[in-house]
Amino acid sequence: MTAVHRLLLASFISASPAPLSISPAVEAAHGVAAAEMQRVYEEVKTPHKYGVILRGQEGESIDCPNVFRHRGKWYMVYISIKDNVGYETWLAESNDLLSWKPLGKVLPFRESGWDRRQAAGGLALVDPAWEGSAALQSYNGRYWMSYLGSAKEGYEPDPLAVGVAWTKTPHRPRPWTRLAENPVLTPDQPEARPFERATLYKSHVLWDRSQSLGHPFVMFYNAKQPGPWIERIGMAVSKDMVHWSRHGTEPVIDNGQGISGDPQVVRLGGLWVMFYFGAGWKPGAFDTFAASDDLVHWTQWTGPDLIAPSEPWDKTYAHKPWLLKHDGVVYHFYCAVGTEGRVIALATSKSLRR
């Protein structure tokens, strides 16, 4: 199934229920006030589209940018699918966040194994502080990522599961070491919840040093249910980055229909802010956000999209966010689908065009 088919399928599920509402008791205890949500929006909005910053080779689509800083340079982890075989994970570098050079693969295909033909990685343990270091934090002397994997070929074939990999040199284009315990989360585990029993998609791992949930490592990921195509964002926790357990019985982001996915969580003031993309529960594919004071109860922004289709290069989809603030400028990296295929584009809070 192509990306277009996936999103169109989500868009036309007319029988899906309306988005879930928050009960008054929960909203009173954990809801983020409208004025606070507006302040977050004013801080993170990126109305200036800079354009395409990274393209794939002939027959190749690229996706899911994750950006970090290491040893004075900027690096991007992103995923690639060529000739519809399957996902691999790549590394690119930049001196200025605008011009990017691909370096090589960090999660390539393998000869055998559960993740032989799919390994789509996302950074773990990035410094979550808004306008912070944007550095990868090392745990147990290693840098980490989580990834979706499968032995099947094609575009996101069910079922997908979640694995974890590590390296000591995140700036080098070398294969990361995949855990022998992989996959760490699968849709067929007995404890899998109803909303995640078909497949597991993109994940993002946060280091919560306060251990507010009783664990230092918190994973957010979107997952699909059996039956009508709906993707919701769920949560898992770990004490060691290896052994993971689900947290809670319900998803933390649920729009009732379509897709809510590709979460990235940052710490902005006294709030946790989750950037994610939506599709199928209102027109188009777009980036938005939610905010929380406890990582469990999330208030969803209902105002203007952070990114939505508007230019030739993103006229079909503008989605899958990665945001950071550096030197007073907010950089919003996203996947753009339009006249140039599936590429990575950038929008900013201030115009950077010469």
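R246 is buried, at 13% relative accessibility. In this predicted model, R246 forms a salt bridge with E191, the closest N and O atoms being 3.9 Å apart. R246 lies in strand β13 (residues 244-246) and E191 in the loop between β9 (177-178) and β10 (199-207), so the pair links parts of the chain that are 55 residues apart in sequence. Below you will find the charged pairs, the two open sheets, the cysteines and a word on confidence.

**Salt bridges**

- The count for this model comes to 19 salt bridges.
- E191, the partner of R246, is partly exposed at 41% relative accessibility, whereas R246 itself, at 13%, is buried.
- The distance of 3.9 Å between R246 and E191 counts because the rule accepts a nitrogen within 4 Å of a carboxyl oxygen.
- D305 and K282 are another such pair, with their side chains meeting at 2.8 Å from N to O.
- D305 sits in the loop between β17 (299-300) and β18 (317-326), and K282 in the loop between β15 (271-279) and β16 (285-292), so this contact ties together parts that are 23 residues apart in sequence.
- D305 is partly exposed, at 25% relative accessibility, and K282 is partly exposed as well, at 33%.
- A network also appears: through shared partners, salt bridges join E191, R193, E196 and R246.
- Which residue does D158 meet in a salt bridge? The partner is K224, at 2.6 Å from N to O.
- Because D158 belongs to the loop between β7 (143-150) and β8 (161-167) while K224 belongs to strand β11 (residues 217-224), the pair ties together parts that are 66 residues apart in sequence.
- Is K224 buried or exposed? K224 is buried, with a relative accessible area of 5%, while D158 is partly exposed at 32%.

**The sheet that holds β1**

- Four strands make up an open sheet, in the order β1-β20-β19-β18, and their pairing is antiparallel.
- β1 (48-54) and β18 stand at the edges with a single partner strand each, so one side of each has no neighbour in the sheet.
- From one strand to the next, the twist averages 25 degrees.
- Within this sheet, strand β19 (residues 329-338) and strand β20 (residues 341-348) run antiparallel and are joined by eight bridges.
- If you want a place to look in the viewer, try Y331, which stands opposite T348 in β20.

**The sheet that holds β2**

- Another open sheet has four strands in the order β2-β3-β4-β5, again with antiparallel pairing.
- Its edges are β2 (60-70) and β5 (101-107); each has a single partner strand, so one side of each is left without a neighbour in the sheet.
- Neighbouring strands here are turned against each other by 30 degrees on average, direction ignored.
- Strand β3 (residues 73-82) pairs with strand β4 (residues 87-94) in the antiparallel sense, over eight bridges.
- In this pairing, S80 stands opposite E88 in β4.

**Cysteines**

- How many disulfides does the count come to? The count comes to zero disulfides.
- C64 is in no disulfide, and the nearest cysteine sulfur, that of C335, is 6.8 Å away.
- The same separation holds from the other side: C335 is in no disulfide, with the sulfur of C64 nearest at 6.8 Å.
- The rule asks for sulfur atoms within 2.5 Å, so a pair at 6.8 Å does not qualify.
- C64 is buried, with a relative accessible area of 6%, and C335 is buried too, at 0%.

**Confidence**

- The chain averages a pLDDT of 93, and 92% of the residues score at least 70.
- Over residues 1-5, pLDDT stays under 50, and the model has nine contacts beyond four places in sequence for them.
- pLDDT also stays under 50 over residues 7-28, for which the model has 33 contacts beyond four places in sequence.
- Where pLDDT is low, the predicted coordinates should not be read in detail.

Terms used:
Residues numbered from 1 in each chain as written. Predicted model: local features only at pLDDT ≥ 70, side-chain atom pairs only at ≥ 80, totals over all residues. Heavy atoms only, no water. Buried < 20%, exposed > 50% of the residue type's maximum accessible area, 1.4 Å probe, protein only. pLDDT = per-residue confidence, 0-100. Contact = heavy atoms within 4.5 Å. Pairing = 2+ DSSP bridges. Axes fitted to C-alpha atoms, helices over the stretch in contact; angles between N-to-C directions.
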